[in-house]
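Work through the exercises below with the sequence and the coordinates open. Each task is followed by a solution in steps.

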Amino acid sequence: MDMESMERNGNKRIFQRLGGGHSSTSSYSRPKVCHFWLAGRCTKNPCPYLHSDPSDSSSTSMAAPPKRIHQNLTYRRNPNPNPNGHSSNWGRGQGGGVVGASRASLKEKVCNFWMAGKKCAYGEKCKYLHSWSVGDEISLLTRLEGHQKAITGIALPSGSDKLYSGSKDGSVRVWDCQSGLCAGVVNMGDEVGCLISEGPWVLVGIPNSIKVWNTQTVTEMSLSGPAGQVYAMAASNGMLFAGTQDGSILVWRFSPAGNCFEPAASLKGHSLAVVSLVVGANRLYSSSMDNAIKVWDLGTLQCIQTLTDHTSVVMSVLCWDQFLLSCSLDQTIKIWAATESGNLEVTYTHKEEHGLLSLSGMNDAQAKPVLLCSCNDNTIRLYDLPSFADRGKLISKEEVRALQLGPGGLFFSGDGTGELRVWRWSANTAEAPLA
């Protein structure tokens, strides 16, 4: 099963359509609202259906439209927390552990007409969002369009005033950070599986290869060795790690003398594609389509633990302080902490309504850590850490595959349509991101 079908595996929220309610005793007296009028294009005169707002309480000719029921989400802590007590604060939102009971807005879905750039007949009275976000702490600065397929990587090389984005359309686009205009397009010849930057280097994963160039010296090279698509990369301590379609993790060491990357090792252990890599605390963490997370010692490059608590593809892993966070298509985010023996164990599990695709984190204006979770219902959920108190959500046209942090409270998201968005926290946002 390929990545595209796996990412779309999961529950999709079903929204009821507005329509007339029928009474069992007097259905003839309760006509339906005209669907063409709702769309702003009814041409019949007279029309046999209503041309009025169904939410108007003064109208007695139509039953009230169905309303979405918001249930309080109660999160339970692990009944067997680790002996170090790391889980004491996880998942404890205000109100005795009930998190998400109050939303920044009761509106949950973006109006289809507004999303398509069409005039909504309801205007301000529309029961759906005319905004790409829920909450007043984040604003959408701009949308960068040009990619024709899903964005799979976003990077900001150090010392550069350019933003780089890679896509399944086989291109890397270079954006001018001052003007927001596309400054160049590089044809990679095949789908881009991932894109990262390390210092001045930009690294692009494509099938059977990694393309590398230095934004300062204009040095270019190609790293061979991967079998199939390169889905994930991470760089740390002079080493480059690449997770491939066959389940291997290839390792290169950077040689300052030759200003190049030299092959160092191939880490075997995963049975299916490696889709996420992160380095923290002298460890490499890898997650895979085989539902497992593996922990590798950076000194010996040996696997020292395999985590198997997820029941579906582990799409993303993230380090935060002494914790490891992971998200999966099994609709959970798991928090891992080390026990006295040094092994990682789950100390808290957060349940979502949908499968999760990517994790990132940054600090808000009060320097409080906030977790960004991309879900396969086309939203990015925002949560305070460690309480998981709801901070709102961001909405896209399709699933967000790539998240990247920037300076000054900026961050970037790339969705399945190929649209790159630039977001910003409120003024004076602290810049320090999570690991």
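## Exercise 1: The chain as a whole

Of the 435 residues in the protein chain, 50% are buried. The model is a predicted one.

Task. State how many helices and strands the protein chain has, and describe its contacts and its exposed area.

Solution.
- Step 1. The secondary structure consists of three helices and 31 strands.
- Step 2. Take the contacts between residues at least 6 apart in sequence: 46% of these join residues at least 24 apart.
- Step 3. The chain exposes about 20,200 Å², and carbon and sulfur atoms supply 48% of that area.

## Exercise 2: Two strand residues

Task. Locate leucine 307 and decide whether it is buried or exposed.

Solution.
- Step 1. Leucine 307 belongs to strand S20, which covers residues 303-307.
- Step 2. Its relative accessible area is 3%. The cut-off for buried is under 20%, so leucine 307 is buried.
- Step 3. With neighbours within four places in sequence left aside, leucine 307 is in contact with Asn291, Ala292, Ile293, Val295, Leu324, Trp336 and Leu344.
- Step 4. Valine 346 is 39 residues from leucine 307 along the chain, and the two C-alpha atoms are separated by 9.3 Å.

Task. Repeat the analysis for threonine 152, and find which backbone oxygen its side chain reaches.

Solution.
- Step 1. Threonine 152 is in strand S5, residues 151-155.
- Step 2. Its relative accessibility is 17%, so threonine 152 counts as buried.
- Step 3. The side chain of threonine 152 reaches the backbone oxygen of valine 192, at 2.7 Å.
- Step 4. Val192 is also among the contacts of threonine 152 when neighbours within four places in sequence are left aside; the others are Gly166, Ser167, Lys168, Gly193, Cys194, Leu195 and Ala402.

## Exercise 3: Aromatic pairs

Task. Count the aromatic pairs, then classify the pair of tyrosine 348 and phenylalanine 388.

Solution.
- Step 1. The search of the whole structure gives eight aromatic pairs.
- Step 2. For tyrosine 348 and phenylalanine 388, the ring centres are 5.5 Å apart and the planes stand at 45°, so this pair is tilted.
- Step 3. Tyrosine 348 lies in strand S24 (residues 344-351), while phenylalanine 388 lies in the loop between strand S27 (379-384) and strand S28 (390-395); the pair therefore ties together parts that are 40 residues apart in sequence.
- Step 4. Both tyrosine 348 and phenylalanine 388 are buried.
- Step 5. Elsewhere, Trp201, Phe254 and Phe261 form one aromatic cluster.

## Exercise 4: Salt bridges

Task. Count the salt bridges and work out which parts of the chain are tied together by arginine 391 with glutamate 137 and by glutamate 419 with arginine 143.

Solution.
- Step 1. The whole structure contains eleven salt bridges.
- Step 2. Arginine 391 and glutamate 137 meet through their side chains at 2.7 Å, N to O. Arginine 391 is in strand S28 and glutamate 137 in the loop between strand S3 (133-134) and strand S4 (138-144), so the pair ties together parts that are 254 residues apart in sequence.
- Step 3. Arginine 391 counts as buried at 14% relative accessibility, whereas glutamate 137 counts as partly exposed at 26%.
- Step 4. The side chains of glutamate 419 and arginine 143 form a salt bridge at 3.8 Å, N to O. Glutamate 419 sits in the loop between strand S30 (410-415) and strand S31 (420-425), and arginine 143 in strand S4, so this pair ties together parts that are 276 residues apart in sequence.
- Step 5. Glutamate 419 is buried, with a relative accessible area of 5%; arginine 143, at 33% relative accessibility, counts as partly exposed.
- Step 6. Glutamate 419 also forms a salt bridge with arginine 421, where the closest N and O atoms are 2.7 Å apart. Arginine 421 counts as buried, at 1% relative accessibility.
- Step 7. Salt bridges with shared partners join Glu137, Asp364, Lys368, Asp384 and Arg391 into one network.

## Exercise 5: Cysteines

Task. Find how many disulfides the structure holds, and explain why cysteine 375 is not bonded to cysteine 373.

Solution.
- Step 1. The number of disulfides is zero.
- Step 2. For cysteine 327, the nearest cysteine sulfur is that of cysteine 373, 7.1 Å away. Cysteine 327 counts as buried, at 0% relative accessibility.
- Step 3. The closest cysteine sulfur to that of cysteine 375 is in cysteine 373, at 6.3 Å. A disulfide needs sulfur atoms within 2.5 Å, so the distance of 6.3 Å is too far for a bond.
- Step 4. Cysteine 375 is buried, with a relative accessible area of 1%.

Key. Residues numbered from 1 in each chain as written. Predicted model: local features only at pLDDT ≥ 70, side-chain atom pairs only at ≥ 80, totals over all residues. Heavy atoms only, no water. Helix = DSSP H or I, 4+ residues; strand = E, 2+ residues; numbered from the N terminus. Buried < 20%, exposed > 50% of the residue type's maximum accessible area, 1.4 Å probe, protein only. Contact = heavy atoms within 4.5 Å. Phe/Tyr/Trp six-rings, centres within 6.5 Å; stacked < 30°, edge-to-face > 60°. Polar contact = N/O pair within 3.5 Å; in protein donor to acceptor, adjacent residues only side chain to side chain. Salt bridge = Lys/Arg side-chain N within 4 Å of Asp/Glu carboxyl O. Areas by Shrake-Rupley, 256 points an atom, 1.4 Å probe, with all protein chains shown as cover.
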